[in-house]
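Student: I would like to learn how to read cavities and ligand surroundings. Can we work through a case?

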Amino acid sequence: MLDRDRLVACLPKCELHIHIEGSLEPEMVFALARRNAIRLPWDSVEALRRAYAFGSLQDFLDVYYVGMSVLVTEQDFYDLAFAYLKRAHADNVVHVEMFFDPQGHTSRGIAFDTVVNGLSRACTEARETLGIRASLIMCFLRHLDEDDAQRTLDAALAHRDRIVGVGLDSSEKGNPPEKFSRVFARARDAGFALFAHAGEEGPPAYVWQALDVLGVARVDHGNRALEDAVLVSRLARDRVPLTVCPLSNLRLRVVDDLTHHPLRHMMEKDLVVTVNSDDPAYFGGYVNDNFTAVARARDKKLKPGEYQGGVSTVSNLGM
Ligand code: ADE
Ligand code: ZN
């Protein structure tokens with residue numbers, strides 16, 4: 001192992017952008033399908049892996065929602081989250097803020113309580129047995145309407161002590177943050193922290209709306225914010241973190257090559273950036289893999305001897 005990879009492995013890390021349903025490995029998809037007698041459109045783990053050739057976010061989501069249909073019981077949600085937390089612990093992740101998509105389950109007749117009970121039990125046990133701190137952020141699916149999000153928020157109010165925040169995910173294009181202004185206002189009044197995916201595929205205007213209409217504390221992805229210099233200054237001035245997901249961006253064709261990934265550029269613009277895995281089972285790597293992949297891509301770009309160490313941790317990894 002390179003010294004740099006060893007450094008990545010032993011640094012304590014936070015993961016702030018992980019969809020727990022996106023940590024569902026293909027082997028677990030098939031094990032849970034057997035356990036719950038669910039029929040899948042793929043006949044083997046290999047066939048499912050072959051479906052992981054995505055041309056866009058929507059291509060991925062089409063597989064992701066079918067994959068999560070194997071989650072039925074509280075134990076399934078527990079097993080999923082505990083397996084991820086064990087894997088994150090092995091990467092020396094010490095703090096996780098975990099997204100989940102309740103509407104991907106309630107729309108199939110699974111009770112909201114079943115989902116939250118299983119996930120939160122895994123978070124509690126992981127804290128006690130592994131020492132990893134984990135909390136839950138409930139995302140609204142932006143391809144659904146605001147009334148559906150409002151009903152989901154109603155259900156979440158009974159679990160206010162076990163859900164720290166609300167987020168916004170799923171198909172970005174054509175579903176601007178402003179579509180959810182009222183439900184985010186209610187979530188704020190109820191005391192939830194606010195987050196939203198913006199600028200992954202959608203335009204800089206969606207990042208502005210996430211900030212000014214929804215009032216988010218963090219922007220998930222935010223890549224396309226770089227197209228708007230005024231927006232970049234605003235994000236830098238207000239120290240709004242971007243949760244960047246390099247391998248996700250590569251697999252979903254947000255970037256064509258990691259040597260073109262904007263992480264370094266974001267740091268040069270004084271943006272607060274974090275590195276995360278997004279949907280690690282689908283995108284070929286957990287959080288350490290994301291750090292090492294961007295660092296390797298940076299090595300490829302530099303000529304021999306042209307090391308550009310910087311002040312931040314990521315710069316020191318050769319980004
Ligand atoms: N849901 C799971 N992963 C997502 C992503 N990368 N973007 C939007 N919604 C998602
Ligand atoms: Zn995401």
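Student: How many cavities of 30 Å³ or more are there?

Tutor: On a 1 Å grid over the protein atoms alone, a cavity is a set of points where a 1.4 Å probe fits but cannot get out. Points are joined across faces, edges and corners, and a volume is the space filled by probe spheres set on the points. Here the count is two cavities of 30 Å³ or more, and the largest cavity holds about 90 Å³ of space. Closest to its centre, of the 14 lining residues, are His-19, Leu-57, Phe-60, Leu-61 and His-197; a lining residue has an atom within 4 Å of a point.

The model is predicted: local features need pLDDT of at least 70, side-chain atom pairs count only at pLDDT 80 or more, and totals for chains, interfaces and linings use all residues. Residues are numbered from 1 along each chain as its sequence is written, chains are lettered from A and ligands numbered from 1 in the order written, and side-chain values use heavy atoms, without hydrogens and water.

Student: Where does ligand 1 sit?

Tutor: A molecule sits in a cavity if more than half of its atoms lie within 2 Å of its grid points. Ligand 1 sits in the largest cavity.

Student: Which side chains make polar contacts with ligand 1?

Tutor: A polar contact with a ligand is a pair of N or O atoms within 3.5 Å. Nitrogen atoms of ligand 1 are met by polar side-chain atoms of Asp-278 at 2.7 Å, Asp-279 at 2.7 Å and His-19 at 3.4 Å. Taken alone, ligand 1 exposes 260 Å², of which the protein buries 100% (Shrake-Rupley method, 1.4 Å probe).

Terms used
Polar contact = N/O pair within 3.5 Å; in protein donor to acceptor, adjacent residues only side chain to side chain. 1 Å grid on protein atoms, 1.4 Å probe; cavity = no way out; pocket = protein on both sides within 12 Å on 5 of 7 lines; lining within 4 Å.
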